[in-house]
Amino acid sequence: MAKIEGKVVAIEPSGNLRTDIAADRLRGVPSDDSVKVCCDEHETTGLFSEDHGQPAMTLLALVGKSGFLELCIVGDSAAIMLGVRVGEGVVVVW
């Protein structure tokens, strides 16, 4: 089992939680449901792109326009809905 550890470093205007895990660190990581992304007590599976097409209120891990891994809730603010703050740890495991 491999893992990448980071932390939430910013809250985007959209409410996405931006991490310090750069897109280039995710090269070679599968994007399917064998990948788990954990932050605080929240967990999601898979890595998505911004054109994901997932339904509203779904928690996703995606590589955002920022070039970093972001946690988002489709159509809402992940920061508000999850109550996660800057500095919280994030782990990608596969």
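Trainee: In β6, which residue is the bridge partner of Leu-60?

Mentor: Strands pair if DSSP finds at least two bridges between them. Here, Leu-60 has Cys-72 in β6 as its bridge partner. Keep in mind that this is a predicted model: local features need pLDDT of at least 70, side-chain atom pairs count only at pLDDT 80 or more, and totals for chains, interfaces and linings use all residues. Residues are numbered from 1 along each chain as its sequence is written, and side-chain values use heavy atoms, with hydrogens and water left out.

Trainee: How many bridges join strand β5 to β6?

Mentor: Strands are DSSP runs of E, at least two residues; helices are runs of H or I, at least four; both are numbered from the N terminus. Strand β5 covers residues 59-63, and 5 bridges join it to β6 in an antiparallel arrangement. The two strands form a hairpin with 4 residues between them. In the turn, Gly-67 has a positive phi of about 85 degrees.

Trainee: Which residue stands opposite Glu-70 in β6?

Mentor: Arg-18 does. Strand β2 (residues 17-22) pairs with β6 in the antiparallel sense, over 3 bridges.

Trainee: Why is strand β6 largely enclosed by the rest of the structure?

Mentor: Look at burial. Buried means under 20% relative accessible area, exposed over 50%, partly exposed in between, with a 1.4 Å probe and protein chains only. Strand β6 spans residues 68-73, and 5 of its 6 residues are buried, so it is largely enclosed. Across the chain, 41% of the 94 residues count as buried.

Trainee: Is Lys-3 buried or exposed?

Mentor: Lys-3 counts as exposed because its relative accessibility is 53%. It lies in strand β1 (residues 3-11).

Trainee: What is Lys-3 in contact with, leaving aside its neighbours within four places in sequence?

Mentor: Contact means heavy atoms within 4.5 Å. Lys-3 touches Val-91, Val-92, Val-93 and Trp-94 on that basis. For the chain, take contacts with a separation of 6 or more: residues 24 or more positions apart account for 52% of them.

Trainee: How do the elements of the chain run from the N terminus on?

Mentor: The order is β-β-β-β-β-β-α-β. That comes to 1 helix and 7 strands.

Trainee: What radius of gyration does the chain have?

Mentor: The radius is taken over C-alpha atoms; the globule rule is 2.2 Å times the number of residues to the power 0.38. With 94 residues, a compact globule would have a radius near 12 Å, and the chain agrees at 12 Å. Along the principal axes, its C-alpha atoms fill a box of roughly 30 × 30 × 25 Å.
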